[in-house]
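Q: Could you take a close look at one helix for me and walk me through how it sits against the rest of the protein?

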Amino acid sequence: MTKTLLAPVAALLLALPAMAQNAAIDVNGDGMYSFPELQAALPELTEDDFEALDTNGDGLLNAEEIAAGEAAGILPR
Ligand SMILES: [Ca+2]
Ligand SMILES: [Ca+2]
């Protein structure tokens, strides 16, 4: 019973529109996306893509960098 209920709930959560920081991607909840966090959600994302998004070069994507990536169509909204 529980298992049959969980699958649709999980699908619904995945289908929810992403906010600037998507908790499904931001696993450690720091409000930033690291490359491992993003790659887990977007297996096709390359390190080059990540570096292109990380405009300030700190190795993490902040809300501004995430928004720019979403606007560019590289990250899911
Ligand atoms: Ca994070
Ligand atoms: Ca950054």
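**A look at helix α4**

A: What covers the buried residues of α4 includes β1 (33-34), α3 (47-53) and β2 (60-61). Keep in mind as we go that this is a predicted model.

Start with the helix itself. Helix α4 spans residues 63-71, and its buried residues are Glu65, Ile66 and Gly69. Looking down the axis of α4, you find those buried residues within an arc of 100 degrees, so they line one face of the helix. Turn to the face pointing away from that buried side and you meet the exposed residues Glu64 and Ala71. Past the end of α4 comes Gly73, which has a positive phi, near 80 degrees.

Now for what Ile66 joins. Ile66 belongs to the largest nonpolar core, a set of seven residues that also takes in Tyr33, Leu38, Phe50, Leu53, Leu61 and Leu75. Tyr33 is a handy one to follow from there: setting aside neighbours within four places in sequence, its contacts are Ile25, Asp26, Leu38, Leu60, Leu61 and Ile66. That list brings you back to α4 through Ile66.

For contrast, try Pro36, which is part of helix α2 (residues 35-41). Pro36 counts as exposed because just 10 other C-beta atoms lie within 10 Å, and the cut-off for exposed is 12 or fewer. Its C-alpha atom is 9.4 Å from that of Ile25, a residue eleven places away along the chain.

Stepping back, here is the setting. The protein has four helices and two strands, and in sequence order they run α-β-α-α-β-α. Of its 77 residues, 16% count as buried. Taking the contacts between residues at least 6 apart in sequence, 39% join residues at least 24 apart.

How far should you trust the picture? Mean pLDDT for the protein is 83, with 73% of residues at 70 or more. Confidence peaks in β2, at 98, and is lowest in helix α1 (residues 2-15), where the mean is 57. Over residues 12-19 the pLDDT drops below 50, and that stretch has four contacts in the model beyond near neighbours in sequence. Where pLDDT is low, the predicted coordinates shouldn't be read in detail. β2, for its part, is among the elements covering the buried residues of α4.

Definitions and conventions:
Residues numbered from 1 in each chain as written. Chains lettered and ligands numbered in written order. Predicted model: local features only at pLDDT ≥ 70, side-chain atom pairs only at ≥ 80, totals over all residues. Buried ≥ 20, exposed ≤ 12 C-beta atoms within 10 Å, placed from the backbone. Contact = placed C-beta atoms within 7 Å. Core = buried A, V, L, I, M, F, W, Y, C linked by C-beta atoms within 7 Å. Arc of directions from axis to C-beta. pLDDT = per-residue confidence, 0-100.
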